[in-house]
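Biologist: I would like to go through this model with a first-year student in mind. Please take the questions one at a time and give the reasoning before each result.

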Amino acid sequence: MQFEPYSDEQIVVVLSNAPDESLAKRIAHIVVEEGLAACVNLGRPSLSIYMWQGTLEGAEEIPLTFKTTGAQVLALMERIKSLHPYDVPELLVLPAIAGLDSYIQWVKEQTSA
């Protein structure tokens, strides 16, 4: 995996998706219970359009937004990948450049080893 180094203390947001609500909930429950993410938001089903192996594809997917820390992001990404059925699941990491202090502290507490 490509990874830009973040400090262990930095809050990051990981974007992914799942092919159905059942799997989205399963992934969310597992990573929160394991302390890899403080919170996971499941969005409404949406249509994704993309090229796959030279063919234009369209599939309904459930968007997933994970909140975690730099210390947990690699383990979170590996865990999502291990639970995901896609050969190439979406996994994008975005830095949180600011946030409510109490929320940032809560994310850090929920994901501390």
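The questions and answers below concern a predicted model.

Biologist: What is the reach of helix H1 from its first C-alpha to its last?

Modeller: Helix H1 covers residues 21-33, a run of 13 residues. At 1.5 Å a residue, a span of 18 Å is expected, and the helix comes close to that value. From first C-alpha to last, H1 reaches 18 Å.

Biologist: Which residue caps the N-terminal end of H1?

Modeller: The cap is recognised by a side-chain oxygen that lies 3.1 Å from the backbone nitrogen of Ser22. The residue that supplies this oxygen is Asp20.

Biologist: Which elements are included in what covers the buried residues of H1?

Modeller: The buried residues of this helix are Leu23, Ala24, Ile27, Ala28, Ile30 and Val31. Their cover includes helix H2 (73-83) and strands E1 (11-18), E2 (39-42) and E4 (55-69).

Biologist: Which residue in the loop between H1 and E2 is paired with Arg79?

Modeller: A salt bridge involves Arg79, with the closest N and O atoms 2.9 Å apart, and its partner is Glu34. Arg79 belongs to helix H2 while the partner lies in the loop, so the pair ties together parts that are 45 residues apart in sequence. At 26% relative accessibility Arg79 is partly exposed, and at 42% so is the partner, Glu34.

Biologist: How many residues apart are Lys108 and Glu9?

Modeller: Lys108 and Glu9 form a salt bridge, their closest N and O atoms being 3.5 Å apart. Lys108 is in helix H3 (residues 101-110) and Glu9 in the segment before E1, so the pair links distant parts of the chain. The separation is 99 residues.

Biologist: Is Thr68 buried or exposed?

Modeller: Thr68 lies in strand E4, and a polar atom of its side chain is 2.6 Å from the backbone oxygen of Leu36. Beyond its neighbours within four places in sequence, its contacts include Val12, Val14, Leu76 and Val107. Because its relative accessible area is 0%, under the 20% limit, Thr68 is buried.

Biologist: Is Met51 buried or exposed?

Modeller: Met51 lies in strand E3. Together with Leu47, Ile49 and Leu56, Met51 forms a nonpolar patch on the surface, with about 480 Å² of accessible area together. Because its relative accessibility is 54%, over the 50% limit, Met51 is exposed.

Notes
Residues numbered from 1 in each chain as written. Predicted model: local features only at pLDDT ≥ 70, side-chain atom pairs only at ≥ 80, totals over all residues. Heavy atoms only, no water. Helix = DSSP H or I, 4+ residues; strand = E, 2+ residues; numbered from the N terminus. Expected span 1.5 Å × (residues − 1). Buried < 20%, exposed > 50% of the residue type's maximum accessible area, 1.4 Å probe, protein only. Contact = heavy atoms within 4.5 Å. Polar contact = N/O pair within 3.5 Å; in protein donor to acceptor, adjacent residues only side chain to side chain. Patch = residues over 30% accessible without salt bridge, like charges linked within 9 Å, V, L, I, M, F, W, Y side chains within 5 Å. Areas by Shrake-Rupley, 256 points an atom, 1.4 Å probe, with all protein chains shown as cover. Salt bridge = Lys/Arg side-chain N within 4 Å of Asp/Glu carboxyl O.
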